[in-house]
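Q: I am new to this structure and would like to learn how to read it. Could we go through it feature by feature?

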Amino acid sequence: MTVALDVSWRGRIKSWIEENLEQGHSVDSIIEAMTNEGLNREKSTIAVHSLLRGEIPNASPYEYDPSPVSPDRVVHAHDRMVPVLLRIEKPQLILFDSVFSADECDRVIEMARNRLRPSATIDPATGLFEQAKNRASESCMFGVSESPFIDTLDRRISALMNWPLVRGEGLQVVHYGPGGRYARHFDYFSPADPGSIPHLVGGGQRTATLIAYLNDVESGGETFFSRAGISFSPRKGQALYFRYFNNCGQLDPATQHAGQPVLSGEKWIINKWMRRYDINA
């Protein structure tokens, strides 16, 4: 890996960093290569981290470019055909039907029960996980393709979102009891928070989310997009996709959302987050 510096390097350095991240070079190795070519280490670090973060929301109007998801009414997702129930352009939202079978939903819930712990959030200053103040739930993580069953689900979701398996985080299963909720938030890592950096160096910014609903909720528990004024009620086997990172590196503030309080019964979901680069890079 060599930094080709000449009189036009300032116009090319962004593309060079992006190319090396795409090729799987680590953040540290890219910064080291830039430093070895005579660039200031601090400025090199800032340049790489700024690309990993994406632009600060509202720095410029978000541009809605084409989603990677198939435009078809029924999408071939690895091992099954998944119908599209609804598409919204701004923000980019897609509601899918029959992503998981009833048996698959029940199996995920049973696998997760003994692994659940109180849900945490990321401290914006330190990047450390802390007890959630704006979130009342319990959750657990499954490693990517950690078993044949989980591998099938990971591959189906990856195909549905049309994003590489190696750029997906592990499945997070979340359980909300009566009163359980998650206040308004973004799924991407805030570019303005120093605590985001540790979570960006191994895959870059999050690009899109898929929320899969594992049960019908008796009352409440809607996924509410506060800035767009759109709400989705949980239905067993359905899944909601939303994209917030475009090809310009912008982040969409219209994807701010909340898990509304569960008024009766309980709520089980899967969260799947995709990253810009390979997570193991």
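A: Happily! We begin with a term for surface exposure: a residue is called exposed when its relative accessible area is over 50%, buried when it is under 20%, and partly exposed in between. Keep in mind that this is a predicted model.

Q: Is Glu-218 buried or exposed?

A: Glu-218 has a relative accessible area of 63%, which is over the 50% cut-off, so Glu-218 counts as exposed. Glu-218 sits in the loop between S11 and strand S12 (219-220).

Q: Which residues does Glu-218 contact, beyond its neighbours within four places in sequence?

A: Glu-218 is in contact with Ser-264 and Gly-265, once those neighbours are set aside. With Ser-264 there is also a polar contact of 2.7 Å between the two side chains. For a sense of scale, the C-alpha atoms of Glu-218 and Ile-88 are 26 Å apart, with their positions 130 residues apart along the chain.

Q: Now Asp-154: is that residue buried or exposed?

A: Asp-154 has a relative accessible area of 0%, under the 20% cut-off, so Asp-154 counts as buried. Asp-154 belongs to helix H5 (residues 148-161).

Q: What does the side chain of Asp-154 reach?

A: The side chain of Asp-154 comes to 2.8 Å from the backbone nitrogen of Ser-145. Leaving out residues up to four places away in sequence, Asp-154 touches several others, including Gly-143, Val-144, Leu-165, Leu-171 and Lys-272.

Q: Where is Thr-35, and how should I read its exposure?

A: Look in helix H2 (residues 27-36), which holds Thr-35. The relative accessible area of Thr-35 is 23%, so Thr-35 is partly exposed. Apart from neighbours within four places in sequence, Thr-35 is in contact with Arg-41 and Ser-44. Thr-35 and Tyr-213 are 178 residues apart along the chain, and their C-alpha atoms are separated by 47 Å.

Q: What is a disulfide, and how many are there in the whole structure?

A: In general, a disulfide is a covalent bond between the sulfur atoms of two cysteines. Here, a search of the whole structure finds 0 disulfides. Take Cys-105, which is in no disulfide: the nearest cysteine sulfur belongs to Cys-140 and is 15 Å away. Cys-105 is buried, because its relative accessibility is 0%. Cys-248, at 43% relative accessibility, counts as partly exposed.

Q: What should I know about backbone angles?

A: As a general idea, most residues other than glycine have a negative phi, and most peptide bonds are trans. In this structure, His-78 has a positive phi of about 65° although it is not a glycine. His-78 is placed in the loop between strand S1 (74-77) and S2, and it is partly exposed at 40% relative accessible area. Ser-98 also has a positive phi, near 55°. Ser-98 lies in the loop between S3 and helix H4 (102-113), and it is partly exposed with a relative accessible area of 34%.

Q: Which peptide bond is cis?

A: The bond from Lys-90 to Pro-91 is cis, with omega near -5°. You will find Pro-91 in the loop between S2 and S3.

Q: Let us turn to pockets. Which residues lie nearest the centre of the largest pocket?

A: Thr-121, Ile-122, Tyr-182, Phe-186 and Arg-206 lie nearest the centre, out of 41 residues that line the largest pocket. Its volume is about 980 Å³. Several strands each supply at least two residues of that lining, among them strand S5 (120-122), strand S9 (172-176) and strand S16 (257-259). The largest share, 5 residues, comes from S18. By class, the lining has 17 nonpolar, 14 polar and 10 charged residues.

Q: What lines the second largest pocket?

A: The second largest pocket has a volume of about 250 Å³ and is lined by 14 residues. Nearest its centre lie Ser-67, Arg-87, Ile-88, Glu-89 and Gln-92. Strand S2 (80-88) and strand S3 (92-96) each supply at least two residues of the lining, and S3 gives the most, with 3 residues. The lining of the second largest pocket divides into 8 nonpolar, 2 polar and 4 charged residues.

How values were computed
Residues are numbered from 1 along each chain as its sequence is written. This is a predicted model: local features need pLDDT of at least 70, side-chain atom pairs count only at pLDDT 80 or more; totals for chains, interfaces and linings use all residues. Side-chain values use heavy atoms; hydrogens and water are left out. On a 1 Å grid over the protein atoms alone, a cavity is a set of points where a 1.4 Å probe fits but cannot get out, and a pocket is an open set with protein on both sides within 12 Å along at least five of seven lines; lining residues have an atom within 4 Å of a point. Grid points are joined across faces, edges and corners, and a volume is the space filled by probe spheres set on the points. Helices (H or I, at least four residues) and strands (E, at least two) are DSSP runs, numbered from the N terminus. Ala, Val, Leu, Ile, Met, Phe, Trp, Tyr, Cys and Pro count as nonpolar, Asp, Glu, Lys and Arg as charged, and the others, Gly among them, as polar. Buried means under 20% relative accessible area, exposed over 50%, partly exposed in between (1.4 Å probe, protein chains only). Contact means heavy atoms within 4.5 Å. A polar contact is a pair of N or O atoms within 3.5 Å; within protein, one must be able to donate a hydrogen and the other to accept it, and residues adjacent in sequence count only if both atoms are side-chain atoms. A disulfide is a pair of cysteine sulfur atoms within 2.5 Å.
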